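Colleague: I am new to this structure and would be glad of a close look at one part of it. Could you pick a loop, walk me through it, and then show me how its surroundings fit into the rest?

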Amino acid sequence: MSANPTPADSTSNSTSGSTSNSTSRSTSNSASKGWAWLLFSSLFEITFALSTNATDGFTQLWPSLLTAAAASCGIFTLSQALKTIDVGVGYTVWSGIGAVGTVIFGTIIYDEPMTVWKVIAFILIIGGALGLRISDNVAAKKAAVA
């Protein structure tokens, strides 16, 4: 019998079915961890963007250090997310969350104007991010079945 059970092997061996279910649960857990990493990473992306504004061209020490730390942590946590999320999906969602978060907090912290067009753009970005998340789930389920 081979190390990887074939469909015929799984019908003759009842433990193969539970291994398959365990594998799909493990894959699902890995994907969930990837998305958690991505959301965590997005917080660093927002911090990076906002603190860059406060550096005054990297002439202010503490905002400059915060910017460097946030950028480093953001890239590290993004790399953890991309272990289980496709790079095209992960990076797009990461940058979308970062963009929306930066505009929202830029409005709060730096008193930047919030316009109807920005809100419409948010809706489109969030819709696109959700669409990518859903497509990632569908692809994962198809891979688990195959």
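Modeller: Let's begin with Asp111, which sits in the loop between α4 and α5. Bear in mind as we go that this is a predicted model. With a relative accessibility of 69%, Asp111 counts as exposed. Its backbone deserves a glance too: Asp111 is not a glycine, yet its phi is positive, near 55°. As background, most residues other than glycine have a negative phi.

A little further along, Met114 belongs to the loop between α4 and α5 as well. Is Met114 buried, exposed or partly exposed? Its relative accessibility is 37%, and since that falls between the 20% and 50% cut-offs, Met114 counts as partly exposed. Leaving out residues up to four places away in sequence, Met114 touches Val103, Ile104, Thr107, Val119 and Phe122. For one of these, Ile104, there is also a backbone distance: the C-alpha atoms of Met114 and Ile104 are 8.1 Å apart, with their positions 10 residues apart along the chain.

Now follow the loop out into its two helices. On one side is α4, residues 87-109, and on the other is α5, residues 116-145. How do these two helices lie against each other? They pack at an angle of about 155°, and their axes are 10 Å apart. Angles over 145 degrees count as roughly antiparallel, so α4 and α5 are roughly antiparallel to each other. Their crossing is left-handed. On the α4 side, the contact is made by Val89, Thr92, Val93, Gly96, Val100, Val103 and Ile104. From α5 come Lys118, Phe122, Ile125, Ala129 and Leu132. Sorted by class, this contact has nine nonpolar, two polar and one charged residues. You may recognise Val103, Ile104 and Phe122, which Met114 touches and which take part in this helix contact.

Helix α4 has another partner in α3. Here the angle is about 145°, and the axes are again 10 Å apart. This crossing is right-handed, whereas that of α4 and α5 is left-handed. Gly74, Ile75 and Leu78 of α3 meet Gly90, Tyr91 and Trp94 of α4. By class, four residues of this contact are nonpolar, two are polar and none is charged.

Some of these names come back when we turn to Ser41, a residue of helix α2. Ser41 has 0% relative accessibility and therefore counts as buried. Setting aside neighbours within four places in sequence, Ser41 is in contact with Gly74, Thr77, Leu78 and Trp94. Among these, Gly74 and Leu78 from α3 and Trp94 from α4 also belong to the contact of those two helices.

Which residues form the largest nonpolar core? There are nine: Trp35, Leu38, Leu78, Ala81, Ile85, Val89, Val93, Trp94 and Ala129. The elements giving two or more residues to this core are α2 (14-54), α3 (61-81) and α4. The largest share, three residues, comes from α4. Val89, Val93 and Ala129 of this core also take part in the contact of α4 with α5, and Leu78 and Trp94 of the core are likewise found where α3 meets α4.

For a comparison with our starting point, try the loop between α2 and α3, where Asp56 is placed. Asp56 is not a glycine either, and has a positive phi of about 55°. At 52% relative accessibility, Asp56 counts as exposed.

Next, go to Ala144 in helix α5. Ala144 has a relative accessibility of 40% and so counts as partly exposed. The C-alpha atoms of Ala144 and Ser28 are separated by 9.2 Å, although the two residues are 116 apart along the chain.

Stepping back, the protein chain has five helices and zero strands, and from the N terminus its elements run α-α-α-α-α. Of its 146 residues, 24% are buried. Among contacts with a separation of 6 or more, 60% come from residues 24 or more positions apart.

Methods. Residues are numbered from 1 along each chain as its sequence is written. This is a predicted model: local features need pLDDT of at least 70, side-chain atom pairs count only at pLDDT 80 or more; totals for chains, interfaces and linings use all residues. Side-chain values use heavy atoms; hydrogens and water are left out. Axes are lines fitted to C-alpha atoms, for helices over the stretch in contact, and angles run from 0 to 180 degrees between N-to-C directions. Helices (H or I, at least four residues) and strands (E, at least two) are DSSP runs, numbered from the N terminus. Angles under 35 degrees count as roughly parallel, over 145 as roughly antiparallel, 65 to 115 as roughly perpendicular and the rest as oblique. A crossing is left-handed if the near helix is turned anticlockwise from the far one by less than a right angle, and right-handed if clockwise. Contact means heavy atoms within 4.5 Å. Ala, Val, Leu, Ile, Met, Phe, Trp, Tyr, Cys and Pro count as nonpolar, Asp, Glu, Lys and Arg as charged, and the others, Gly among them, as polar. A nonpolar core is a set of buried Ala, Val, Leu, Ile, Met, Phe, Trp, Tyr and Cys residues joined through side-chain atoms within 4.5 Å. Buried means under 20% relative accessible area, exposed over 50%, partly exposed in between (1.4 Å probe, protein chains only).
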